[in-house]
Amino acid sequence: MGMMKFTLNEQVLVGIGGCIGSVARYQINEWIPSLSGTFIVNILGCIAIGMLMYESIYFGAFSRNTRLFLGVGLIGSFTTFSAFATQSIDAGLIPGGLNIVANIIFGLFGVFIGRFIILKQGGLSWNT
């Protein structure tokens, strides 16, 4: 299967949606910091992506441009957990379960490795 090309119009829609979603995420995390804020955006994002994608799949309610703006742009920048949850459910019980476990383990491991690199190096020097 070939790669799908995105038109400039589609890229602008994703960018505008991404701008709105990332600002909304920031705002919620300012109001409710730390794990609680992240948990709230993840759950809200999952509810929103579930409504958008399944309304679109089963009822054809949203155009491709609307899905790009809302799903990829706004919800995608609001939280990547929404895509993770949707893909895990769509994959089926065993592959989806393995995806969940792998993401959690490797995600935590990735944070640990990044932390280790920074602490080992004494931070990154951006002012050279």
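**Exercise 1. Is Arg64 buried, partly exposed or exposed, and what is its relative accessible area?**

Solution. The model is predicted: local features need pLDDT of at least 70, side-chain atom pairs count only at pLDDT 80 or more, and totals for chains, interfaces and linings use all residues. Residues are numbered from 1 along each chain as its sequence is written, and side-chain values use heavy atoms, with hydrogens and water left out.

- Take the cut-offs: buried is under 20% relative accessible area, exposed is over 50%, and partly exposed lies in between (1.4 Å probe, protein chains only).
- Arg64 has a relative accessible area of 29%, so Arg64 is partly exposed.

**Exercise 2. Find the salt bridge of Arg64 and place both partners.**

Solution.
- Apply the rule: a side-chain nitrogen of Lys or Arg lies within 4 Å of a carboxyl oxygen of Asp or Glu.
- The count comes to one salt bridge.
- Arg64 pairs with Glu10, and their closest N and O atoms are 2.8 Å apart.
- The bridge links distant parts of the chain, 54 residues apart: Arg64 sits in helix α3 (residues 64-78) and Glu10 in helix α1 (residues 8-31).
- Helices here are DSSP runs (H or I, at least four residues), numbered from the N terminus.
- Glu10 is buried, at 8% relative accessibility.

**Exercise 3. Describe the aromatic pair.**

Solution.
- Rings of Phe, Tyr and Trp (its six-membered ring) pair if their centres lie within 6.5 Å; planes under 30 degrees apart are stacked, over 60 edge-to-face, and the rest tilted.
- The whole structure holds one such pair.
- The centres of the Phe81 and Phe84 rings are 5.2 Å apart and the planes stand at 50 degrees, so the pair is tilted.
- Both lie in helix α4 (residues 81-91); three residues apart, they are separated by about one helical turn.
- Phe81 is partly exposed at 33%, whereas Phe84 is buried at 15%.

**Exercise 4. Check the span of helix α2 and list its buried residues.**

Solution.
- The expected span is 1.5 Å times one less than the number of residues.
- Helix α2 (residues 34-59) has 26 residues, so 38 Å is expected; the end C-alpha atoms are 37 Å apart, which agrees.
- Its buried residues are Gly37, Val41, Asn42, Gly45, Cys46, Ile49, Leu52 and Ser56.
- Their cover, by contact (heavy atoms within 4.5 Å), includes α1, α3 and α4.
- Just after α2, Gly60 takes a positive phi of about 60 degrees.

Note on methods: Helix = DSSP H or I, 4+ residues; strand = E, 2+ residues; numbered from the N terminus.
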